[in-house]
Amino acid sequence: MHTVYKTQGTCSQFIEVEAEDGKITSCQFVGGCDGNTKGLSKLVVGMKIEDVKKRLDGIRCGTKRTSCPDQLCRALEQMTREAGE
């Protein structure tokens with residue numbers, strides 16, 4: 001599975017995610033806080049999609065209603081929906 005997700009409400013513009021057998025194999029943010037998005041990407045590789053969603057869903061960035069971790073959850077939802085899972 002693969003998706004390129006256009007983020008909303010964050011400094012990052014896009015998230016590109018790939019997964020196989022329910023686990024994230026690749027994650028890259030375009031834009032955003034460079035160190036944070038690189039760190040987040042490395043942390044989620046190898047994790048089960050459902051575990052990532054459980055841990056990161058709903059996280060906010062300051063007073064914003066969302067965050068890069070929360071937007072990653074939206075990207076994962078889009079990816080699984082597109083794959084019909």
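This passage describes the overall form of the protein, then its strands, and then its salt bridges.

The model is a predicted one, and its secondary structure amounts to three helices and three strands. When the elements are read in order along the sequence, they give the pattern β-β-β-α-α-α. The C-alpha atoms, taken along the principal axes, occupy a box of roughly 35 × 20 × 20 Å. The radius of gyration of the protein is 12 Å, which agrees with the value near 12 Å that a compact globule of 85 residues would have. Of these 85 residues, 39% are buried. Among the contacts with a separation of 6 or more, 42% are made between residues that are 24 or more positions apart in the sequence. The accessible surface of the protein comes to about 5200 Å², and carbon and sulfur atoms account for 49% of this area.

The strands are considered next, in the order of the sequence. Strand E1, which covers residues 2-6, runs antiparallel to E2 and is joined to it by five bridges. Within this pairing, His-2 is found opposite Glu-18 of E2. The two strands E1 and E2 form a hairpin with five residues between them, and in its turn Gly-9 has a positive phi of about 80°. Strand E2 itself spans residues 12-20, and its pairing with strand E3, residues 23-31, is likewise described as antiparallel, here over eight bridges. Strand E2 thus takes part in a pairing with E1 and in a pairing with E3.

The hairpin formed by E2 and E3 has two residues between its strands. Next to this turn, Glu-20 has Lys-23 of E3 as its bridge partner. Asp-21 is located in the loop between E2 and E3, and its phi is near 55°, a positive value in a residue other than glycine. With a relative accessible area of 75%, Asp-21 is classed as exposed, because this value lies over the cut-off of 50%.

The pairing of E2 with E3 also includes Phe-14, a residue of strand E2, which stands opposite Val-30 in E3. As a general point, the side chains of a regular strand alternate between the two faces of the sheet. Phe-14 has a relative accessible area of 35%, and it is therefore counted as partly exposed, a class that lies between the cut-offs of 20% and 50%. Together with Val-4 and Val-30, Phe-14 makes a nonpolar surface patch of about 230 Å².

The charged side chains form the last topic. In general, side chains of opposite charge can pair when their charged atoms come close. A search of the whole structure finds five salt bridges, among them three that involve Arg-74. In one of these, the side chains of Asp-57 and Arg-74 meet at a distance of 2.5 Å, N to O. This pair links distant parts of the chain, since Asp-57 belongs to the loop between helix H2 (49-56) and helix H3 (68-83), whereas Arg-74 belongs to helix H3, 17 residues apart from it. Asp-57 counts as partly exposed, with a relative accessibility of 43%.

A further salt bridge joins the side chains of Asp-70 and Arg-74 at 2.7 Å, N to O. Both of these residues lie in helix H3, where they are four residues apart, or about one turn of the helix. Asp-70 has a relative accessibility of 7% and counts as buried, because this value falls under the cut-off of 20%. Arg-74 also meets Glu-77 in a salt bridge, with a distance of 3.0 Å, N to O. Arg-74 and Glu-77 are three residues apart in helix H3, and so about one helical turn separates them. Glu-77 is partly exposed, its relative accessible area being 29%. Through salt bridges that share partners, Asp-57, Asp-70, Arg-74 and Glu-77 are joined into one network. The network thus includes Asp-70, which is buried, as well as Asp-57 and Glu-77, which are partly exposed.

Definitions and conventions:
Residues are numbered from 1 along each chain as its sequence is written. This is a predicted model: local features need pLDDT of at least 70, side-chain atom pairs count only at pLDDT 80 or more; totals for chains, interfaces and linings use all residues. Side-chain values use heavy atoms; hydrogens and water are left out. Patches are made of residues with over 30% relative accessible area and no salt bridge: like charges are joined within 9 Å, nonpolar side chains (Val, Leu, Ile, Met, Phe, Trp, Tyr) within 5 Å. Accessible areas come from the Shrake-Rupley method with a 1.4 Å probe; for residues, only the protein chains shown count as cover. A salt bridge is a side-chain nitrogen of Lys or Arg within 4 Å of a carboxyl oxygen of Asp or Glu. Buried means under 20% relative accessible area, exposed over 50%, partly exposed in between (1.4 Å probe, protein chains only). The radius of gyration is taken over C-alpha atoms; the globule rule is 2.2 Å times the number of residues to the power 0.38. Contact means heavy atoms within 4.5 Å. Two strands pair if DSSP finds at least two bridges between them.
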